Amino acid sequence: MSGWSHTSAILDLLTGATYNSLEQAIVDWVNVVLACSFSAEINEIIFGGRLIALSITDGGIRPITVGYTLMRLAAKCANSHVIERRSQELQPLQLGAGVKGRVEAAVHAARRLVQDLPTDHAVVKLDFSNAFNCVRRDEILDAVAAKTPEIYCLVHAAYSCDPILVFGQHRLRSREGAQQGDPLGSVEFREAINPLLTDLLSEVKIGFTDDVTLAADIQTLDTDVNTIMSRSADTGLSLNIRKCEIITDDPSAISDTSVLSHFVKVSKQDMTLLGAPVLKGPSQDNTKLNTLKRLCNACHCCTPTMLWCC
């Protein structure tokens, strides 16, 4: 069930009710959860959920946890309480949530950046391996305690136990990372990664949850990437080098001994950010064509030879 379906189901139950007993019961439940009044044995269940394994384009698997409806409701209440304030405080380093037009803002900023990129500068797009499921929970707890202490009790209850995840007939224990699919997962991840982003030296730093884009001179970028790699044990985050990209006018300026030399080299015209083409060119044309193909494939009126729908 999607987050929208969860909310819709609860609203359907409450709409037109003659008495407010169910509404009051839900309010009481949320307050009990936020107060963390349950034992560790109960927390293992209510902070767990159904596990879904989604295939991703590189052949890997993305595990998504679908939490239980009433727990998701409590997490959404906690998220709505802190999201606006923390989103404002995390700007301009992070645009992951709570920022209107955040994708458009990031893409437009990247467009202006690459159009006027100095010859000795470059842009790198960093990809972390299974970021949500690998970020260290002690980093999450420390960051939440420092920045959003009002929800610390809830986050601590979730991560002081090993929640049970159900996958088919199997039962697994969640012992690492922020659950991808948890309404609080993005907040927790952004708080955990923010100290690292703050310490980087690049002139431009754009964080979109686990998608990080940096721009600076080649030497500074090399230093920042090495900083990220050296702090992997502290953060739990590891770069997926074969999926990281570097955009520069002069690839020959990158030393063979630099970690940047192992990044995928992408031209400005082919650069995309958050799935959107940055400049007019091949990437824009391919994005439009791929979008059209997906729409056609989703429409049962279409045949493989048609580029239109009834």
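A residue is called partly exposed when its relative accessible area lies between the buried range, under 20%, and the exposed range, over 50%. The close-up views described below all come from a predicted model.

**View 1. Two aromatic rings, those of W29 and F38, form a tilted pair.** The structure holds 2 aromatic pairs, and in this one the ring centres of W29 and F38 are 5.5 Å apart while the planes meet at 40°, so the pair is described as tilted. F38 has a relative accessible area of 23% and is therefore partly exposed, and W29, with a relative accessible area of 23%, is likewise partly exposed.

**View 2. The rings of F132 and F189 form a stacked aromatic pair.** Here the distance from centre to centre is 4.9 Å, and the angle between the planes is 15°. F132 belongs to helix α6 (residues 131-134) and F189 to helix α9 (residues 185-199), so this pair ties together parts that are 57 residues apart in sequence. Both F132 and F189 are buried.

**View 3. Helix α5 turns one face, lined by its buried residues, towards its covering elements.** This helix runs over residues 102-115, which makes 14 residues, and from its first C-alpha to its last it reaches 20 Å, close to the 20 Å expected at 1.5 Å a residue. The buried residues of α5 are A106, V107, A110 and V114, and because they fall within an arc of 95° when seen down the helix axis, they line one face of the helix. Among the elements that cover these buried residues are the strands β3 (121-126), β6 (204-208), β10 (272-273) and β11 (276-277). On the other side of α5, by contrast, R112 and Q115 are exposed.

**View 4. T248 is a buried residue in a loop between two strands.** The loop that holds T248 lies between β8 (245-247) and β9 (264-266). T248 has a relative accessibility of 10%, and because buried means under 20%, T248 counts as buried. Its side chain reaches the backbone oxygen of H121 at 3.5 Å, and the side chain of T248 also reaches the backbone nitrogen of D250 at 3.2 Å. When neighbours within four places in sequence are left aside, T248 is in contact with H121, A122, I254 and V266.

**View 5. C36 and C244 are two cysteines with unlike exposure, one partly exposed and one buried.** C36 is partly exposed, with a relative accessible area of 21%, whereas C244 is buried, with a relative accessible area of 0%. The count of disulfides in the model comes to 0.

Terms used
Residues are numbered from 1 along each chain as its sequence is written. This is a predicted model: local features need pLDDT of at least 70, side-chain atom pairs count only at pLDDT 80 or more; totals for chains, interfaces and linings use all residues. Side-chain values use heavy atoms; hydrogens and water are left out. Helices (H or I, at least four residues) and strands (E, at least two) are DSSP runs, numbered from the N terminus. The expected span of a helix is 1.5 Å times one less than its number of residues. Buried means under 20% relative accessible area, exposed over 50%, partly exposed in between (1.4 Å probe, protein chains only). The arc is that of the directions from the helix axis to the C-beta atoms. Contact means heavy atoms within 4.5 Å. A disulfide is a pair of cysteine sulfur atoms within 2.5 Å. A polar contact is a pair of N or O atoms within 3.5 Å; within protein, one must be able to donate a hydrogen and the other to accept it, and residues adjacent in sequence count only if both atoms are side-chain atoms. Rings of Phe, Tyr and Trp (its six-membered ring) pair if their centres lie within 6.5 Å; planes under 30 degrees apart count as stacked, over 60 as edge-to-face and the rest as tilted.
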